[in-house]
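Me: I would like a close look at a single part of this model, with its surroundings taken in order. Please keep to what the coordinates give.

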Amino acid sequence: MALINDHFLKLPANYLFADIAKKVNIFRVTHPNSDIISLGIGDVTQPLCPVVVEALQRAAAEMGTADGFHGYGPEQGYDFLREAILKNDFLPRGIHLDIDEIFVSDGAKTDTGNIQELIRWDNSIGVTDPIYPVYIDSNVMIGRAGVQQQGRWSNVIYLPCTAENNFIPRLPDRRVDVIYLCYPNNPTGTVVTKQELRKWVNYALKNDAIIFFDAAYQAFITAPDIPHSIYEIRGARKCAIEFHSYSKTAGFTGVRCGYTVVPKDLTAATLTGERIPLNPLWLRRQSTKFNGASYLSQRAAEAIYTPEGRLQVQQTIDYYMHNAHRLLDGLRGMGYEVYGGENAPYLWMKTPRGTTSWQFFEEMLYGANVVCTPGVGFGPSGEGYVRLTAFGTHEHTEEALDRLQRWTFNR
Ligand SMILES: *Cc1c(COP(=O)(O)O)cnc(C)c1O
């Protein structure tokens, strides 16, 4: 008899965005003449920039020739892209990485979900709360998270990030073997300074812990003292793995490309105390289970590092950040308590008068015909907040602000 991996059964049956879609559908059916604007979308909306389209077309044409055909590529990515990554994402920040420390992939969701295979099932994990659900769910699937009770997993250490602590998680008061950090943060849109991140690196070094650092939104940082990479902090090479994605940076959500940095100095212990470097383990894992990102998407990613590419990508980021600033100013002007939106495409809004996330979601949907994402869907500390995104068009963002203004003042 084939027995299933019953850890999958522990996962909550309904995914946050499915619940939202259901509620939005009910509204649509009962209000057929209302049109809805979504500030809940977690996907980009602007088209690929011209250099990326040209690179894709060039690569496709090349693949149609005998000389230019590319079959299986190196599992860890083509050198042309890995060299561009080293030269553009790290060297200018004083970070020297070896090309073998870069692993190109089809995106950061894949890698943040798979990376936990490198550590034993009985390691303890810590997450900032609220959080990108992939980190916990991927640990649930192999049984590391324990059982869920009242929205919390028994073997997960939650590090609350709320307005009360200015969204800066306190260092855990007990041993944590692995910590997931994501900055700029999804869902709160908040960031950490170098000084704050240094505390985490020092914690990890002192406690022999590993940090999984998700830098998917680093391209949205505008403030000067905010780290774009954890390797800007001394000692991070010994304790951190970092994930990058072209999805939000360059609209690659449908193209699929990202990369992960596994430094050679990073080791973890066996039960007998032997130190094993994780870099060759990840290489082994990837070469066994992954056949590389496509040649086309890697050529497309390479193109964003050209001078024109950088300019074009920045224009799209500026487009979204214009929305973020408009939302931040507009909502604060209406009297709401809003965070994020300055170095990230997300805004995190406190619901007024202690309304729950889901109740406020429904009130906004029915009152203003605007969709947000209930904060509690990202973890227990998200209760009492909603997430708004800046990934819409300028027109929709302005229209949403008008509606929210009317709704707020007529309530
Ligand atoms: C969108 C997002 C990613 C990117 O995932 P891809 O698989 O590269 O599209 C990674 N981490 C977080 C926190 C995200 O929000």
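Reply: Pro-187 sits in the loop between strand 7 and helix 6 (194–207); helices (H or I, at least four residues) and strands (E, at least two) are DSSP runs numbered from the N terminus. The model is predicted, so local features need pLDDT of at least 70 and side-chain atom pairs pLDDT 80 or more, while totals for chains, interfaces and linings use all residues. Residues are numbered from 1 along each chain as its sequence is written, and side-chain values use heavy atoms, without hydrogens and water.

The bond leading into Pro-187, from Asn-186, is cis, and its omega is near 20°. A second cis peptide bond runs from Asp-129 to Pro-130, with omega near 5°. Pro-130 belongs to the loop between strand 3 (125–129) and helix 5.

Strand 7, on which the loop of Pro-187 borders, is part of an open sheet of seven strands. Their order across the sheet is 2-10-9-8-7-3-6, and the pairing is mixed; two strands pair if DSSP finds at least two bridges between them. Strand 2 (102–105) and strand 6 (156–160) are the edge strands, each pairing on one side only. In the order given, strand 7 stands between strand 8 and strand 3.

Strand 7 (residues 178–182) and strand 8 (residues 210–214) run parallel, with five bridges joining them. One end of this pairing can be placed by residue: Val-178 has Ile-210 of strand 8 as its bridge partner.

Strand 7 also carries an aromatic residue, Tyr-180. The ring of Tyr-180 forms a stacked pair with that of Tyr-135, at 5.0 Å centre to centre and 15° between the planes. Rings of Phe, Tyr and Trp (its six-membered ring) pair if their centres lie within 6.5 Å; planes under 30 degrees apart count as stacked, over 60 as edge-to-face and the rest as tilted. Because Tyr-135 lies in helix 5 (residues 134–140) and Tyr-180 in strand 7, the pair ties together parts 45 residues apart in sequence. Tyr-135 and Tyr-180 are both buried, meaning under 20% relative accessible area (exposed is over 50%, partly exposed in between; 1.4 Å probe, protein chains only).

The stacked pair is one of 26 aromatic pairs in the structure. Another, Tyr-336 with Phe-360, is edge-to-face, with 6.4 Å between the centres and 70° between the planes. Tyr-336 is in the loop between helix 10 (307–333) and strand 13 (338–340), whereas Phe-360 is in helix 11; the two are 24 residues apart, so this pair also links distant parts of the chain. Tyr-336 counts as buried because its relative accessibility is 9%. Phe-360, at 0%, is buried as well. Elsewhere, ring pairs link Tyr-217, Phe-220, Tyr-319, Tyr-320, Tyr-346 and Phe-391 into a cluster.

Back at the sheet, the loop between helix 6 and strand 8 holds Asp-208. The phi of Asp-208 is near 55°, a positive value in a residue other than glycine. With a relative accessible area of 44%, Asp-208 is partly exposed.

On from strand 8 comes strand 9 in the order of the sheet. Four bridges join strand 8 to strand 9, and the two run parallel. Phe-213 has Glu-242 in strand 9 as its bridge partner. Strand 9 is mostly covered, with six of its six residues buried. On one side these are Ala-240, Glu-242 and His-244, and on the other Ile-241, Phe-243 and Ser-245, so that both faces are covered.

Strand 9 pairs with strand 10 too, here in the antiparallel sense and over four bridges. In this pairing Phe-243 stands opposite Thr-260 of strand 10. The loop between helix 7 (247–250) and strand 10 contains Arg-256. Arg-256 has a positive phi, near 75°, and is likewise not a glycine. Its relative accessible area is 30%, which makes Arg-256 partly exposed.
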